[in-house]
Amino acid sequence: MNNKYPIDGSRDALWMATAVAAPPTAPLHGDKRCDVTIIGGGLTGLSAALHLSNQGVSVCVLEAAGLGFGASGRAGGQVNLGLNLGPRQLIDKFGVDQGERLIDTVVRTPDHVFSLINELSLQCDPVQNGWAQGAVNSRQLPGQAALAREYEEYGCSLELLDGDELAMRTGTSRYKGGLFVPMAGSLQPLSYTRELARAAMASGASIHTQSGVDGLQSHGATWLVSTATGSVTSEQVLVCTNGYTGNLVAGLKQAVVPVRSVLMASEPLSDNLRKSVLPNQVTFVDKRKLILYFRYDRDGRLCVGDHGPMRDAFCASDYSNLKRRVLDVFPQLIDTRWDYHWGGRIAMTKSTLPFFHRIAPGLTAAMGYNGRGVGMGSMMGKILADQTIAPSDQTSAFPVTVPDKFALHRFHSAGVSMAVKWYALQDHLASL
Ligand SMILES: Cc1cc2nc3c(=O)[nH]c(=O)nc-3n(C[C@H](O)[C@H](O)[C@H](O)COP(=O)(O)OP(=O)(O)OC[C@H]3O[C@@H](n4cnc5c(N)ncnc54)[C@H](O)[C@@H]3O)c2cc1C
């Protein structure tokens, strides 16, 4: 690996080397009609396609590149509770009725994913062994305890761990304690994405890859969605383009800031190392502004992730900080070889929550998972499907909102770079 941006965030992902084959798809040619057109072939769009076609709705998915080309095929693959705000904050923001529906959605997310995988026999290496979050100082422990109490009120039991217990679960004594989410876990995200597509196609959905949408027009009660080689007319359009959102829908791009995260995967670790680094294959994250996240793949490769630079192609030096941070937590990995390097765009929103936005009659967008979309994107797809069939803002499992736009969005790269420096300083001070 040299230092001239040779790393392609999608092609070089470990997941590309170990995923199940994608179902056969082709570009859209000619003019079609269906009930619902879905723009974006990631977890959100494909989950919506699956749940819609299971209910007899005719669906056409249009993906600009290949299935899972976006964040879905590059993710760390951790499946967790899915939102950055806790129950109390959600109630304060959305009120009791909508807040409680949302909390229920959040709490059910990991089981929703693992049950779906089980029911449909999706081949994606699921492991539901829990997710641990390590506190970097003892001042973070009361906040984790309060969060656990809040979730307990909603029937969701999280475990509080002291430093020794966290060390037992994760193998590192670097942390002061932590929170453990037993229903969380991990999966192979590209396989999961491709398998959702396969299941959606088996239920009747049509999926076209290499079919970037470059036109969207309203014609009375229908929408005409066009690509370079064809078009689809439908009553409903779902926009599921997340951090890869372009200028198709006015104002949508300004509601998300694409922040890069980089990941690397080790050689398969020896049994000895695996006994001391995340024994029991828990997934692990530290509680920092710029989080460090860990998990194993099915072959015993340790996958670790960190924030990245503000571009889509990566180079060797983009991983230096990550390597240093990993050794700080697991010094026994000093001689470990890192075989895979990749990364992608995480869609951040101003509220730090995803949004479900009815843009116009028949046109809906859902995105902005702030790094937690493997579970929540899957869940959002189901909610999109339910709400397309029987729309009701009052009963939606996810609040229907108008997302805030980022002022000066076109300068977001400079803004994110400054924020990263500020967060790094805060993290440094927090660890003293
Ligand atoms: C490096 C990394 C690590 C992550 N780790 C985790 C994790 O461990 N756990 C977790 O929960 N989340 C994680 N995430 C976030 C998670 O991957 C995403 O939230 C989730 O995959 C979003 O799915 P999606 O379908 O909404 O979007 P995406 O998967 O990004 O799909 C959007 C798709 O839209 C397509 N598209 C865009 N414009 C057009 C157009 N005009 N026409 C047609 N298609 C178009 C793109 O090509 C893309 O394939 C991570 C993300 C990254 C990048």
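This briefing walks through the ligand site, one strand and its partners, and the cysteines of the structure above. Please keep in mind that the model is predicted. The ligand has 35 residues around it, and the protein covers 95% of the 1,000 Å² of accessible area that the ligand has on its own. Strand β13 is mostly covered too, and the disulfide count is 0.

**Around the ligand**

- Among the 35 residues around the ligand, those that come nearest are Thr44, Glu63, Ser72, Gly76 and Gln78.
- Thr44 brings an N or O atom of its side chain to 2.7 Å from an oxygen atom of the ligand.
- Glu63 also faces a ligand oxygen atom, with a polar side-chain atom 2.6 Å from it.
- For Ala64 the backbone is involved: one of its N or O atoms lies 3.0 Å from a nitrogen atom of the ligand.
- Sorted by class, the shell holds 15 nonpolar, 16 polar and 4 charged residues.
- Four elements each give at least two residues to this shell: helices α2 (43-54) and α10 (373-389), and strands β15 (257-268) and β20 (338-348).
- Of the shell, β20 supplies the largest share, with 3 residues.

**Strand β13 and its partners**

- Strand β13 spans residues 230-234, and 5 of its 5 residues are buried.
- Gly230, Val232 and Ser234 point one way from β13, while Ser231 and Thr233 point the other way; all are buried.
- Strand β2 (residues 30-33) runs parallel to β13 and is joined to it by 4 bridges.
- In β2, look for Lys32 if you want a landmark: this residue stands opposite Val232 of β13.
- Strand β12 (residues 222-227) pairs with β13 in the antiparallel sense, over 5 bridges.
- Here Trp223 is the residue that stands opposite Ser234 of β13.
- The link between β12 and β13 is a hairpin through 2 residues.

**Cysteines**

- Which cysteine sulfur is closest to that of Cys34? The answer is the sulfur of Cys60, but at 5.2 Å it is too far for a bond, because a disulfide needs the two sulfur atoms within 2.5 Å.
- Cys303 is in no disulfide either, and its nearest cysteine sulfur, that of Cys124, is 15 Å away.
- Are Cys34 and Cys303 buried or exposed? Cys34 is buried, with a relative accessible area of 14%, and Cys303 counts as buried at 1% relative accessibility.

Note on methods: Residues are numbered from 1 along each chain as its sequence is written. This is a predicted model: local features need pLDDT of at least 70, side-chain atom pairs count only at pLDDT 80 or more; totals for chains, interfaces and linings use all residues. Side-chain values use heavy atoms; hydrogens and water are left out. Buried means under 20% relative accessible area, exposed over 50%, partly exposed in between (1.4 Å probe, protein chains only). Two strands pair if DSSP finds at least two bridges between them. A residue is near a molecule or strand if one of its heavy atoms lies within 4 Å of it. A polar contact is a pair of N or O atoms within 3.5 Å; within protein, one must be able to donate a hydrogen and the other to accept it, and residues adjacent in sequence count only if both atoms are side-chain atoms. Accessible areas come from the Shrake-Rupley method with a 1.4 Å probe; for residues, only the protein chains shown count as cover. Ala, Val, Leu, Ile, Met, Phe, Trp, Tyr, Cys and Pro count as nonpolar, Asp, Glu, Lys and Arg as charged, and the others, Gly among them, as polar.
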